[in-house]
There are 2 protein chains.
Amino acid sequence: MSQMIKPQLPKGMRDFLPADVLRRQYVIDTISAVFQRYGYEPLQTPVMELNSTLMGKYGEDAEKLIFHAKHPQGDEDLALRYDLTVPLVRAYAQNEAKIALPFKRYQIAPVWRAERPQRGRFREFYQCDADTVGITSMDADAEAVSVAVTALRALGFTDFAVKINNRKLLKGIGEYAGLTGDALANLYRSIDKLDKIGVDGVREEMAKGGIDAAVIDKIMELITSARKENNLSYVAAHASIGTLREILDSNDDAMQGLSELEQLVRYLQALNVPEQNIDLDFSMVRGLSYYTGPIFEAVLLSDDPEERVGSIAGGGRYDDLIGLFRKESLATVGISLGIERLITIMDKRNMYPASLNRTVVQALVTVFSPEIRAESMKLASELRAAGINVELFMQDNKKLGQQFGYADKKGIPVVAVLGPDEVANGQVKLKRLADQHEVTVAHAEAITTLRGLLA
Amino acid sequence: MSQMIKPQLPKGMRDFLPADVLRRQYVIDTISAVFQRYGYEPLQTPVMELNSTLMGKYGEDAEKLIFHAKHPQGDEDLALRYDLTVPLVRAYAQNEAKIALPFKRYQIAPVWRAERPQRGRFREFYQCDADTVGITSMDADAEAVSVAVTALRALGFTDFAVKINNRKLLKGIGEYAGLTGDALANLYRSIDKLDKIGVDGVREEMAKGGIDAAVIDKIMELITSARKENNLSYVAAHASIGTLREILDSNDDAMQGLSELEQLVRYLQALNVPEQNIDLDFSMVRGLSYYTGPIFEAVLLSDDPEERVGSIAGGGRYDDLIGLFRKESLATVGISLGIERLITIMDKRNMYPASLNRTVVQALVTVFSPEIRAESMKLASELRAAGINVELFMQDNKKLGQQFGYADKKGIPVVAVLGPDEVANGQVKLKRLADQHEVTVAHAEAITTLRGLLA
C-alpha cells in the first residue's frame with residue numbers, strides 16, 4: 001500500500017453525499033415515473049463505447065471534449081459516452097432483432113465532457129432522455145413535447161414554455177430569402193444568437209454574412225412573426241402558422257415544415273398539453289446539426305437573473321442518425337431534460353416535498369447500556385422487519401443525551417428509548433424530535449405508535 | 001458525419017434492454033430498501049478517480065485490470081473505479097467535515113475491470129456495497145452480516161450460509177504453529193484453496209511451503225474444527241469457539257479474534273439472524289490483503305453444478321484503509337453483495353415476482369382511424385393523468401388486429417379500443433389479453449375498470 005495521499009476528486013466531478021443523493025433521486029424518480037406513464041421503457045448502455053462509435057458524430061469542437069480510455073493490455077480504443085443519443089442509435093441498430101417498433105426508450109445516466117471547469121459546469125453530469133424510434137408521423141413529436149411538459153409540471157415547474165420550431169421551415173425561409181449552402185448554415189448561426197444579441201445584433205451578423213438589407217428585413221419579419229403575438233395560446237399558434245403559410249406557399253420545404261407544425265400543435269391540444277407551456281418560435285434554431293424536422297427547447301419564464309440558466313429541456317427529430325449504424329435510417333425523435341439545471345433551480349427555490357428528509361433513517365433505537373444492548377437490538381430487528389428504516393446506535397458508553405443529539409444532527413425524526421425501566425415494564429419510549437412529543441407504550445404497540453409518529 | 005459503421009459494443013460490456021433493466025432494477029430496489037431499513041445511506045462517487053487515488057491499493061495483478069482515461073487536453077491522469085471501497089474511503093476523508101460518525105453508506109453502481117472476457121465475466125459490472133465507518137465494536141460487523149442475510153432473503157434466497165472467520169484468529173493459528181512473515185502469507189494462500197483442492201491438496205501445498213508435517217496436522221485440525229460440527233447453529237458456533245479458546249489461550253491474536261467472533265455471534269443472535277444462514281468457518285480466508293478482523297463470505301448451498309458460482313457476498317473489517325487518505329485511520333467494516341451472480345441465479349430459478357412484467361406499459365390505447373385519433377389521444381391523457389402507464393398506438397393505418405398483436409408481442413396486459421361505436425356512445429372497450437376478458441364501459445368509468453383489470 002502507498003503513502004498517505006491527499007483525498008482529491010478529478011476536476012469538474014462531484015461526490016454526492018446522502019442528502020444530495022436523496023434529492024437527486026427524488027428528481028430522477030419523478031421524471032422516470034412520468035416517462036413510464038407515457039410508455040417509454042428504460043434502456044441501459046455501457047459507460048464506455050468504442051472510440052469509433054463516438055468519433056465523427058458531434059463535430060470537431062465537441063470531439064475535443066471526449067474522454068478516451070484504455071487498459072494496460074490495451075486491446076481496444078474506448079471512449080466515455082458524450083451523450084445518450086449516439087449510444088441509443090448504436091444500441092438500437094445492434095439489438096434491432098430483439099426490439100419491436102416503435103421503440104420508446106428513456107435513459108437517465110451520467111455522461112462525460114472535458115469542459116473547462118467553472119461554476120455550475122461539470123465534467124461528469126446526468127442527462128435525461130426520452131426518444132421514439134420508428135415513427136415518421138407527428139404522434140411521436142407530440143408525445144416528446146407532452147412528456148417534457150408533464151415531467152416539468154410533476155417537478156413543480158409551471159413558469160416555463162416549450163418553444164417549438166421546424167428545421168424544414170427554417171430551411172424554407174432561407175431559400176425563400178435566396179440563401180443556400182454555407183449562407184444557410186450562417187443564417188442558422190446568426191438567428192441562434194437572437195436571445196443573446198437581440199434583433200439588431202442578428203441583423204448586423206447577417207449583414208456581415210453578405211445578406212442584402214432587403215432580404216434581412218424579409219427574414220426578420222418571418223422569424224419574429226410568431227413572437228409578435230406575444231401570448232402563449234393554441235389560437236395564436238395556429239394564426240402564426242396561417243400567416244406564414246400565405247407568405248411561403250411557393251416553397252416546398254417551408255410548407256412541409258408548416259404542415260408538420262400544424263399537425264404537432266393539433267396533437268398537443270388533443271393530448272391536453274396546457275397552452276401556457278407551449279410557444280411557437282420561428283427564430284429558435286438549436287445548435288445540433290443532426291435535426292431534420294420539429295425542434296423543441298424549454299425555457300424558464302423567470303425574471304430572476306439567478307435563474308437565467310439557459311434551456312431546461314431540448315430535443316427534436318433526427319431521422320438520419322440511425323443510418324450511421326444500419327443500411328436504412330429510421331425516423332427518430334426525442335427530448336432531453338436538463339436535469340442538472342433543473343436541480344440547481346429546485347435547490348434555489350426549495351421545490352422538494354416536505355416529506356423528503358435528509359436521511360433515510362426514520363427512527364434511532366438508542367442503547368442505554370452494554371448490559372441491555374441486546375434488548376435494543378431486538379427492538380431494532382422488529383421495527384426493521386415491519387419495514388421501518390432504523391438505525392441502531394452503535395458507539396458504546398454514550399449518554400442518552402448524546403444519542404438524542406446525534407439523532408438531531410442527522411435529522412432522524414423519531415428516537416426510541418429502552419432503559420432499565422422500559423425493559424422491566426415491557427415498554428418502549430418513543431419521542432418525535434420536531435415537536436418533542438413523547439409517548440411510552442407497550443413493546444407490542446411500538447410499531448403502530450411509531451408509524452403514527454412518522455405519519 | 002462518418003460512413004456507416006457496424007454497431008458494436010466494447011468487449012465484456014452489455015446493453016440492457018428494457019426487460020433486462022426492469023429485472024435488474026427490481027433486484028437493486030429490493031437490496032436498496034433493505035440497506036435503508038438498516039440505516040445505510042446512499043452515497044454517489046464519480047465513475048472516474050484520479051489515477052493516484054486508485055494505484056497502489058489493490059496489488060499488482062489487480063492494477064493491471066484498471067482502465068485509464070484521459071481527454072485530448074489531458075490535464076489529469078484518470079482511472080475508472082475498480083471497486084466501491086477505495087472511492088468510499090477517499091470520499092469520506094475528503095468530506096469528513098460534513099459527515100457525522102458513524103457513517104453508514106451504501107452504493108450500488110458499476111465498476112470496470114479489464115478481465116479476459118469469458119462467459120459470465122464482464123468488464124463493466126455492478127457492485128453493491130454497504131459499509132460502516134467509525135465503529136470499532138462488533139455492532140458494525142453484526143449489522144453487516146445481518147443486512148446481507150436480510151437482503152438475500154428479501155430476494156427469495158434461503159439456501160445460503162454466510163461463513164464467518166477472523167483474520168486475527170488466522171494469524172494466531174499461524175503463530176501458534178510457529179509461522180511468521182512470508183510463511184504466514186503462504187499459509188493464507190494455501191488455506192484459501194481448501195474448497196478447490198480439498199484437505200489433501202492444502203496439506204501438499206503447505207508441505208511444499210516448507211511446513212513440518214506435525215505443524216500441518218495441528219493447523220488442519222484447528223481450521224477444520226468448526227467444519228466438523230457440520231450443522232449451522234448458534235450452539236455449534238459457540239462450541240467451536242470454546243474449543244479453540246482452550247487450545248489457543250496462550251496466543252493474544254487468536255484470543256482477540258475469538259473474543260470478537262464470540263461477540264459477533266451473540267449480536268447476530270440478538271438481531272434475530274436465522275442460524276441456518278450462519279456458518280463459522282475457520283478455514284475461510286478471503287483474498288484481499290486489507291482485512292484486519294472479522295471476515296464474511298456467503299455461499300449458495302446448492303447441489304446444482306450450474307449454480308456453483310462462487311461466493312454471492314463477501315466482506316469484513318478493514319480498519320487501516322482510510323489511513324491512506326487521512327492522518328489517523330478509522331475503523332471500517334463492510335459487506336458486498338455479488339449482484340451479478342445473484343441475478344444469474346435469479347434468472348435461472350425465475351425468482352422474480354409474477355407482477356414484474358417485461359414492459360412498463362399497463363395499457364395500449366389503440367387508434368381506430370386517423371379521423372378519430374384525437375379521441376384516443378384524449379383517453380390516453382386521462383389514463384396517464386390517473387397514474388396509469390399508457391402507450392398510445394402510433395403507427396398510422398394499422399388494423400385493430402395488428403395493434404392487438406403488437407400489445408401481445410410487447411407483453412402489454414390491457415388494450416383499450418375507441419371505435420366509432422364507442423365514441424358515439426361515450427364508451428370505451430377494455431380487453432385483458434391474458435384471459436381475453438373484455439368489457440365495454442362508460443368513458444367516465446374507464447379508469448376504475450382498467451385498474452380492476454390490472455389488479
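Two strands pair if DSSP finds at least two bridges between them. Strands (E, at least two residues) and helices (H or I, at least four) are DSSP runs numbered from the N terminus.

This is a predicted model; local features need pLDDT of at least 70, side-chain atom pairs count only at pLDDT 80 or more, and totals for chains, interfaces and linings use all residues. Residues are numbered from 1 along each chain as its sequence is written, chains are lettered from A in the order in which they are written, and side-chain values use heavy atoms, without hydrogens and water.

**View 1. Strand E3 of chain A pairs with strand E3 of chain B.** Both strands span residues 68–70. They run antiparallel, joined by three bridges. His68(A) faces Lys70(B) in E3(B).

**View 2. A turn of 180° lays chain A on chain B.** The RMSD is 0.0 Å, with a shift of 0.0 Å along the axis. Superposition is by least squares on C-alpha atoms of residues with pLDDT of at least 70 in both copies. The copies are thus related as by a two-fold rotation axis. In chain A, the C-alpha of Ala69(A) lies nearest the axis, 2.1 Å from it.

**View 3. Chain A and chain B each give 111 residues to the contact (heavy atoms within 4.5 Å).** They bury about 9500 Å², 60% of it on carbon and sulfur atoms. Buried area is the accessible area (1.4 Å probe) lost on being put together, summed over both parts.

**View 4. Glu41(B) and Lys410(A) form a salt bridge.** The N to O distance is 3.7 Å. The definition asks for a side-chain nitrogen of Lys or Arg within 4 Å of a carboxyl oxygen of Asp or Glu. Eight salt bridges are counted between chain A and chain B.

Methods:
Buried area = accessible area lost by both parts, 1.4 Å probe.
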